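Biologist: Please take a close look at the largest pocket for me, and set it beside the other spaces and the protein as a whole. I am new to this, so please go step by step.

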Amino acid sequence: MNRSDTRYSRFVAWLKVLLPVSALALLSTMFLISKSVDPTTALSYARVNLEELTGSQRIDSPKFSSVTEDGAAISFSAKSAVPDSNTPNLFTADVLAARIETPDGGAVDIDAAKAVIDGSSNRVDLSGGVTLVTSTDYEIATDGLTTAMDATYAKSNGPVEASGPMGDMTAGTAEITKQGDGPSTYLLVFKDGVKLVYQPQTEGEVK
């Protein structure tokens, strides 16, 4: 074999190694370019997502509890609450539940579809259908209700329907308040065109 044949054989052998390596290098370059990310583009997406999150801020399963000036324990919980972007300490809540426990041993459970909670005035406006169940076995339904967070107080914003130990009744309003300045006594009062369908207990019925 002459020298030229030897050089040709070596050249072919090198090509067998270099060509596959070159092909891999090209493929790797193409892959890296296709997967590269423009950092300025990524930053703009991050800003958009942050703005969307800030604009749709929501609190899931919020809870609040306190003791009122007259010694009643009051607690609120909701499915979610959204703060008002223009008014501090103002929240709109969905599916709200509240419980008032008075020092004399009484209790009232309140459920509402919607609520506006104003922390500045310690006021809660409930709407969308409100029900109250008292420890004295009264169940009251009304469209809207206003209650306080710093005092034992609740008043319907319109007509009510109620059922209890005395029977079924309707009234223009219902109100729960503390009575007098002495020992804690709380009253549930029906006002404005009260109509009662009396249902006396049957003989032998345990009260």
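Modeller: Two residues are in contact when they have heavy atoms within 4.5 Å of each other. The model before us is a predicted one, and with that meaning in mind we can say that, among its contacts with a separation of 6 or more, 36% are between residues 24 or more positions apart. The protein is built with two helices and 14 strands, and of its 207 residues, 24% count as buried. The area that the protein exposes is about 14,100 Å², and 58% of this comes from carbon and sulfur atoms.

Now to the part you asked about. The largest pocket holds about 350 Å³ of space, and its lining is made up of 18 residues, with Thr134, Thr136, Tyr186, Leu187 and Leu188 lying nearest its centre. Two elements, β5 (107-118) and β13 (185-191), each give two or more residues to this lining, and it is β13 that gives the most, with four residues. When the lining of the largest pocket is sorted by class, eleven of its residues are nonpolar, six are polar and one is charged.

For the second largest pocket, the volume is about 270 Å³, and among the 16 residues that line it, Pro62, Lys63, Phe64, Phe91 and Ile117 are the closest to its centre. Here at least two lining residues come from each of β2 (63-67), β3 (73-83) and β4 (90-101), while β3 makes the greatest contribution, with four residues. The lining of this second pocket has twelve nonpolar residues, three polar ones and one that is charged.

Finally, there is the enclosed space to consider, for a search of the whole structure finds one cavity of 30 Å³ or more. The largest cavity contains about 60 Å³ of space, and its lining includes Leu132, Ile140, Ala154, Lys155, Glu175 and Leu188. Leu188 therefore links this last step to your question, because a residue lines a space when it has an atom within 4 Å of one of its points, and Leu188 is listed both near the centre of the largest pocket and in the lining of the largest cavity. The strands β7 (139-142), β9 (154-156) and β12 (173-179) each supply at least two residues of the cavity lining, which by class has eight nonpolar, two polar and two charged residues.

Technical notes:
Residues numbered from 1 in each chain as written. Predicted model: local features only at pLDDT ≥ 70, side-chain atom pairs only at ≥ 80, totals over all residues. Heavy atoms only, no water. 1 Å grid on protein atoms, 1.4 Å probe; cavity = no way out; pocket = protein on both sides within 12 Å on 5 of 7 lines; lining within 4 Å. Points joined across faces, edges and corners; volume = space filled by probe spheres on them. Nonpolar A, V, L, I, M, F, W, Y, C, P; charged D, E, K, R; others polar. Buried < 20%, exposed > 50% of the residue type's maximum accessible area, 1.4 Å probe, protein only. Areas by Shrake-Rupley, 256 points an atom, 1.4 Å probe, with all protein chains shown as cover.
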